[in-house]
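The exercises below are meant to be worked with the sequence and the model open side by side. Each consists of a task, followed by a solution that proceeds step by step.

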Amino acid sequence: MSNKWLHEDNRISWNAATEAHNSHKQDQARFFSQGGSSLFPEEIELIGNIRKLTLAHLQCNSGQDTLSLACLGAHVIGVDISDTAIQFASKLSKESGIAATFIRADVYDWLVETNEQGSRFDIVFSSYGALVWLSDLREWANGIANILKPNGRLVLLDFHPICMVFDEHWSLKYPYFGDGAPITWEDGIGDYVAMSGELLTPSGYEEGVKDFQNPYRCHEFQWSISEILSAILDSGLTLTTFKEYPYMNGAVIFD
């Protein structure tokens, strides 16, 4: 893939940011071992009954949502490009006693390898802030279609792409139709967990790393609603549910 170097930049930037993000979250192992969940009601509603189903959580970050899905009865695999995130997720799984498998991989590589191995899943799940890191929506959607069982489902929730045309002061600044062109941020992935406080720390918020500055740049990709839906439909999947919400869950990124 021609965008591989962009993904590698993102991996390095995420490694740095993930350390800061988790520094704000109190005793997560205890929280999850006692039945805590990091899922929002909208996710639980859309995903439905997943007991005893196989589920692949793509771009799983540090595994909090993955473990929450495991607690709903699914057999889960979490995949993320960040070494730091996967190391943390594996440790959290062990310390909380919640079974899950975590794999460090570029999502595109993992989809190809999983298809070649013949592994199939009942559900592929991805949420909140995943799509902007995808450099090729069609390759992603086709990869997912290839690893779903018959009647398997993709469950996807994300921030509305219209949000991404504004800067933090609600000024119109960026294009809605990005045509997949990378947008480079020299200041890298920021500490949105510190900005969001308790909204993204269900186990409890603590100060942690102060005034985090990421030394590694990152690259995002703006995709419109039509591009997202077209990629999914053209992969051969059938759209059964499409919803928009007049609010954002968790992340506080605007004034």
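**Exercise 1.** Determine how many residues of strand E1 are buried, and describe how E1 is paired in the sheet of this predicted model.

*Solution.* Step one is to classify the residues of E1 by relative accessible area, where under 20% counts as buried. Four of the five residues of E1 fall in that class, so the strand is largely enclosed by the rest of the structure.

Step two is to look at the partners of the strand. E1, which covers residues 54–58, pairs with E4, residues 121–127, in the parallel sense over three bridges, while five bridges join E1 to E2, again running parallel. Alanine 56 shows both pairings, since it stands opposite valine 124 in E4 and opposite isoleucine 77 in E2.

Step three is to place these pairs in the whole sheet, which is open, has five strands in the order E3-E2-E1-E4-E5, and is paired in parallel. Strand E3 (101–104) and strand E5 (148–157) stand at the edges with a single partner strand each, so one side of each has no neighbour in the sheet. From one strand to the next the twist averages 20°.

Step four adds the helix that packs on this sheet: H6, residues 107–117, touches E1, E2, E3 and E4, and its direction makes about 150° with that of E1.

**Exercise 2.** Identify which residues have the most contacts inside the largest nonpolar core, and state which elements supply it.

*Solution.* The largest nonpolar core has 26 residues, and those with the most contacts inside it are Leu58, Trp110, Leu134, Leu137 and Trp140. Sorting the core by element then shows that E1, E2, H6, E4, helix H7 (137–147) and helix H9 (225–234) each supply at least two residues. The largest share, five residues, comes from H7.

Leucine 137 can be followed as an example: once its neighbours within four places in sequence are left aside, its contacts are Tyr108, Leu131, Trp223, Glu227, Ile228 and Ala231. Apart from this core lies another, of 22 residues, which includes Phe32, Leu39, Ile47 and Ala89.

**Exercise 3.** Compare the span of helix H1 with its expected value, locate its bend, and decide whether serine 13 is buried or exposed.

*Solution.* Helix H1 runs over residues 4–23, and its 20 residues reach 29 Å from the first C-alpha to the last, close to the 28 Å expected at 1.5 Å a residue. The helix nevertheless bends by about 25° at alanine 17.

As to its surroundings, H1 is mostly covered, with 15 of its 20 residues buried. Serine 13 lies in this helix, and its relative accessibility of 0% makes it buried. Beyond residues up to four places away in sequence, serine 13 touches Gly188, Ile189, Asn214, Tyr216, Arg217 and Cys218.

**Exercise 4.** Find the contacts of threonine 66 and of glutamate 206, and assign each residue to its accessibility class.

*Solution.* Threonine 66 belongs to helix H4, residues 64–71, and at 0% relative accessibility it is buried. Not counting residues up to four places away in sequence, threonine 66 touches His57, Cys60, Val76, Ile77, Gly78 and Phe102.

Glutamate 206, by contrast, sits in the loop between helix H8 (192–196) and strand E7 (218–221), and with a relative accessible area of 35% it is partly exposed. With its neighbours within four places in sequence left aside, its contacts are Ser23, His24, Lys25 and Gln26.

**Exercise 5.** Examine the backbone of aspartate 27 and lysine 52, and explain why the sign of phi deserves attention there.

*Solution.* The starting point is that most residues other than glycine have a negative phi. Aspartate 27, however, has a phi near 25°, a positive value in a residue that is not glycine. Its place is in the loop between H1 and helix H2 (28–33), where a relative accessibility of 49% makes it partly exposed.

Lysine 52, also not a glycine, has a positive phi of about 70°. This residue lies in the loop between helix H3 (41–47) and E1, and its relative accessible area of 63% puts it in the exposed class, for which the cut-off is over 50%.

Definitions and conventions: Residues numbered from 1 in each chain as written. Predicted model: local features only at pLDDT ≥ 70, side-chain atom pairs only at ≥ 80, totals over all residues. Heavy atoms only, no water. Pairing = 2+ DSSP bridges. Axes fitted to C-alpha atoms, helices over the stretch in contact; angles between N-to-C directions. Contact = heavy atoms within 4.5 Å. Expected span 1.5 Å × (residues − 1). Bend = angle between axes of the 7 residues up to and from the residue. Buried < 20%, exposed > 50% of the residue type's maximum accessible area, 1.4 Å probe, protein only. Core = buried A, V, L, I, M, F, W, Y, C linked by side-chain atoms within 4.5 Å.
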